[in-house]
Amino acid sequence: MIKILIVDDEKPICDLIDLNLSSAGYHCDSVQDGLTAIERIEQDSYDLILLDIMLPGADGYDVMEYIRPLGVPVIFITAKHEVKDRVKGLKLGADDYLVKPFDVVELVARVEAVLRRYNKTEQKLTAGDVMVDVEARRVTKAGRPIVLTNKEFGLLVLFIRNKNVALFRETLYEKVWEEEYYGDSRTLDLHVQRLRRKLGWENCLVAVYKVGYRLELA
């Protein structure tokens, strides 16, 4: 399983990130200061580090100097939004830079993008009795093969990687169809209906009023 270290001095933010990345199938640890982060990195190995800049003990830039020789990908997550701050972070070797407050779906997407760049993406996903082999584009339910169209498969992967998160219609459409969303949801709704029927997800792939859809799974 992909292991991610979250470093942020605000525990509620760590908990929010942990909740959403865990729902997407990642294992997360979190710490609230820079020196503890360095100790944790010395003790364990991580596939990705989410790093705040303004930290007690040692700030994010100092922690980044320690991480850089290790070759572990880093995404800065910070309230510092000026261009000079982003440039400094990227020059230090960060792979991406996300400014608070951020959308959870965007965070998950950026995590996936960086992991893909390093060939570390989770290729096998599970949701209840549904198993997805992303690389082979193979889906089974209780061991039985399920045939999906390309768009249905794209929606399924997005839902599983964002379990229990309400996804906006425009987010679903733009990520799966790779086109700008103009408000006509008929095509998207039809694909979601077919996906529900094929997987028997009528009760767990739910519509969220004026938002979109959410995959509700324990």
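## A charge over a ring

A charge counts as sitting over a ring if NZ of Lys or CZ of Arg is within 6 Å of the ring centre and within 35 degrees of the ring normal. In this predicted model, K88 meets that description: its charged end sits over the ring of Y61, 4.1 Å from the centre. K3 does it too, with its charged end over the ring of Y46 and 5.3 Å from that ring's centre.

Y61 is worth keeping in mind, since it comes back below among the aromatic pairs.

## The chain as a whole

Let's step back to the overall picture. The protein chain has 8 helices and 12 strands. Its radius of gyration is 19 Å, close to the 17 Å that the globule rule gives for 218 residues, so the chain is as compact as a globular protein of that length. Laid out along its principal axes, the C-alpha trace spans about 55 × 35 × 30 Å.

Of the 218 residues in the protein chain, 51% are buried. As for contacts, take those between residues at least 6 apart in sequence: 56% of them join residues at least 24 apart.

## Aromatic pairs

The structure holds 4 aromatic pairs. One of them is Y61 with F76: the ring centres are 5.9 Å apart and the planes stand at 75°, so this pair is edge-to-face. Y61 lies in helix α3 (residues 60-67) and F76 in strand β4 (residues 74-78), so the pair ties together parts that are 15 residues apart in sequence. How much of each partner is accessible? Y61 has a relative accessible area of 10% and is buried, while F76 is buried at 0%.

Another of the pairs brings Y173 and W177 together, and this one is stacked, with 5.0 Å from centre to centre and 5° between the planes. Y173 counts as buried at 13% relative accessibility, and W177 is buried with a relative accessible area of 13%. Back at Y61, ring pairs link Y61, F76 and Y97 into a cluster. So for Y61 we have the ring cluster plus the charged end of K88 over its ring.

## The four-stranded sheet

Strands β6, β7, β8 and β9 form an open sheet in just that order, with antiparallel pairing. At the edges are β6 (124-127) and β9 (144-146), each of which pairs on one side only. On average, neighbouring strands of this sheet are turned by 25° against each other, direction ignored.

Inside the sheet, β7 (residues 130-133) and β8 (residues 138-141) run antiparallel and are joined by 4 bridges. If you want to check the register, look at V130, which stands opposite K141 in β8.

## The three-stranded sheet

Which strands make up the other open sheet described here? It is built from 3 strands in the order β10-β12-β11, again with antiparallel pairing. β10 (167-168) and β11 (205-208) stand at the edges with a single partner strand each, so one side of each is left without a neighbour in the sheet.

On one flank, 2 bridges join β10 to β12 (residues 212-215), and these strands run antiparallel. On the other, β11 and β12 pair over 4 bridges, also in the antiparallel sense. Y213 in β12 is a handy landmark for both pairings: it is the bridge partner of L167, and A207 stands opposite it. β11 and β12 form a hairpin with 3 residues between the strands, and there K210 takes a positive phi near 60°.

## A look at D33

Where does D33 sit, and is it buried or exposed? D33 is found in the loop between β2 (27-31) and α2 (34-43). With a relative accessible area of 22%, D33 falls in between and is partly exposed; the cut-off for buried is under 20%.

Leaving aside neighbours within four places in sequence, D33 is in contact with V7 and P56. E10 is 23 residues from D33 along the chain, and the C-alpha atoms of the two are separated by 9.5 Å.

Key. Residues numbered from 1 in each chain as written. Predicted model: local features only at pLDDT ≥ 70, side-chain atom pairs only at ≥ 80, totals over all residues. Heavy atoms only, no water. Pairing = 2+ DSSP bridges. Axes fitted to C-alpha atoms, helices over the stretch in contact; angles between N-to-C directions. Phe/Tyr/Trp six-rings, centres within 6.5 Å; stacked < 30°, edge-to-face > 60°. Buried < 20%, exposed > 50% of the residue type's maximum accessible area, 1.4 Å probe, protein only. Rg over C-alpha atoms; globule rule 2.2 N^0.38 Å. Contact = heavy atoms within 4.5 Å.
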